[in-house]
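This report goes through one protein chain, from its overall make-up to its central strands and the helices beside them. Please keep the sequence and the 3D view open while reading.

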Amino acid sequence: MDLLKRVSEIWQEFISVPEITIAMSVSILAFTVLYYYMIKFLSDNESGALTALFVIIMLVSAGILTFFGKINTAIYLLIPAIFIIAIMVLYSTEIKRVIWSRKNSKMVDMRNAGTSYDEEKIQNCISEIIKALQNMSKNDVGAILVLSNGNVPNQILDSGVKLDCDISSELIESVFFPKTPLHDGAMIINGTKIVAAGCFLPLSQKVDNIPKDLGTRHRAGLGVTETIDVMSIIVSEETGIISIAKAGRITRYADYETLKRTLATYYWQELESGRR
């Protein structure tokens, strides 16, 4: 009975004054949207335990706030606020990647700047990239290729040499040939074009994610995917092993089929975007 009585009292307070009703409705809507995106963000980053903890905290806070009306509500607004701040600190790189993705989606998309994609051209790009990667792997030539969506910041592009040329295995291999001026930097690929080469990338700050036998090249290839929604393919200069980095995670020992699937996924997205 006490529970029903308390619920009835809350409802009467909610509908008694129109101004209060509107203010509470807006607050409920705002917090609902905020909590939805927080839970979605945690789920997308495979944080099931934190998601469950977040939901439990919200339910407990709501229960206490509802049935102990004499307690200062500001105390219980601090609980989710502190939790949200903690998530922002723990997932700062992931949040930065989301922000960059949103920001650059509003910019002029380089993919549609007078360029049309067709399946034959895409298949040729995939073949040329794989050919170059396998040749460099065989000869222990180090390389970093970044597969972008027109969303690489200008400061990264400006750190290298802008090329804006068609993709070919000969060009890729010549850029990364040892002791050439651009071989130490990264090559930025956007659709069917090589946008720039010799670019400097941000290094990964998650040292625990990188095996001890991997060096600066792999930290750079991984680091750019932590802050920007891109993929990178890294060839080790010491072992010739090909690795693929995406969303702050690295996969080693990429063979022909893995490279083909990765590039096909990237280019079919490009093709669909070019058709729209």
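The sections below cover the chain, the sheet, its inner strands and the packing of helices.

## Overview

The model is predicted. Its chain has 276 residues, of which 41% count as buried. The secondary structure comes to 10 helices and seven strands. Among contacts between residues at least 6 apart in sequence, 65% join residues at least 24 apart.

## The sheet

Seven strands form an open sheet with mixed pairing, in the order β2-β4-β3-β1-β5-β6-β7. At its edges lie β2 (161-166) and β7 (249-251), each of which pairs on one side only. From one strand to the next, the twist averages 20°.

Strands of a sheet pair through backbone hydrogen bonds, in either a parallel or an antiparallel sense. Both senses occur here: β1 pairs with β3 in the parallel sense over four bridges, while β1 and β5 pair in the antiparallel sense over five bridges. Strands β5 (residues 231-235) and β6 (residues 242-246) are also antiparallel, again over five bridges. In this last pair, Ile234 has Ser243 of β6 as its bridge partner.

## Strand β1

Six of the six residues of β1 are buried, so the strand is largely enclosed by the rest of the structure. In a regular strand the side chains alternate between the two faces of the sheet. In β1, Ala143, Leu145 and Leu147 point one way, whereas Ile144, Val146 and Ser148 point the other way.

On the β5 side, Leu145 stands opposite Ile233. On the β3 side, Val146 stands opposite Ile188, and Leu147 has Ile189 as its bridge partner.

## Strand β3 and its hairpin

β3 is mostly covered, with five of its five residues buried. Ala186, Ile188 and Asn190 point one way from the strand, and Met187 and Ile189 point the other way.

Which strand follows β3 in a hairpin? The partner is β4, with two residues between the strands. In the turn, Gly191 has a positive phi of about 65°. The two strands pair in the antiparallel sense over four bridges, and Ile188 stands opposite Ala196 in β4. Ile188 therefore has a facing residue in β4 (Ala196) and another in β1 (Val146).

## Helix α6 and its contact with α8

At 1.5 Å a residue, the 20 residues of α6 should span 28 Å, and the distance of 28 Å between its end C-alpha atoms agrees with this. Its buried residues include Ile122, Cys125, Ile126, Ile129, Leu133 and Met136. Just after the helix, Asp140 takes a positive phi of about 55°.

The axes of α6 (residues 119-138) and α8 (residues 169-176) come within 8 Å and cross at roughly 35°. The crossing is right-handed. On the α6 side, the contact is made by Glu128, Ile129, Lys131, Ala132, Asn135 and Met136. These meet Ser169, Glu170, Ile172, Glu173 and Phe176 in α8. By class, the contact has five nonpolar, two polar and four charged residues. Among the α6 residues in this contact, Glu128, Ile129, Ala132 and Met136 are buried.

## Helices on the sheet

Which strands does α8 touch? This helix packs on the sheet against β1 (143-148), β2, β3 (186-190) and β4 (193-199), and its direction makes about 130° with that of β1. Helix α9 (residues 216-227) also packs on the sheet, touching β1, β5, β6 and β7. The direction of α9 makes about 175° with that of β5.

Terms used: Residues numbered from 1 in each chain as written. Predicted model: local features only at pLDDT ≥ 70, side-chain atom pairs only at ≥ 80, totals over all residues. Heavy atoms only, no water. Axes fitted to C-alpha atoms, helices over the stretch in contact; angles between N-to-C directions. Left-handed = near helix turned anticlockwise from the far one by under 90°. Contact = heavy atoms within 4.5 Å. Nonpolar A, V, L, I, M, F, W, Y, C, P; charged D, E, K, R; others polar. Pairing = 2+ DSSP bridges. Expected span 1.5 Å × (residues − 1). Buried < 20%, exposed > 50% of the residue type's maximum accessible area, 1.4 Å probe, protein only.
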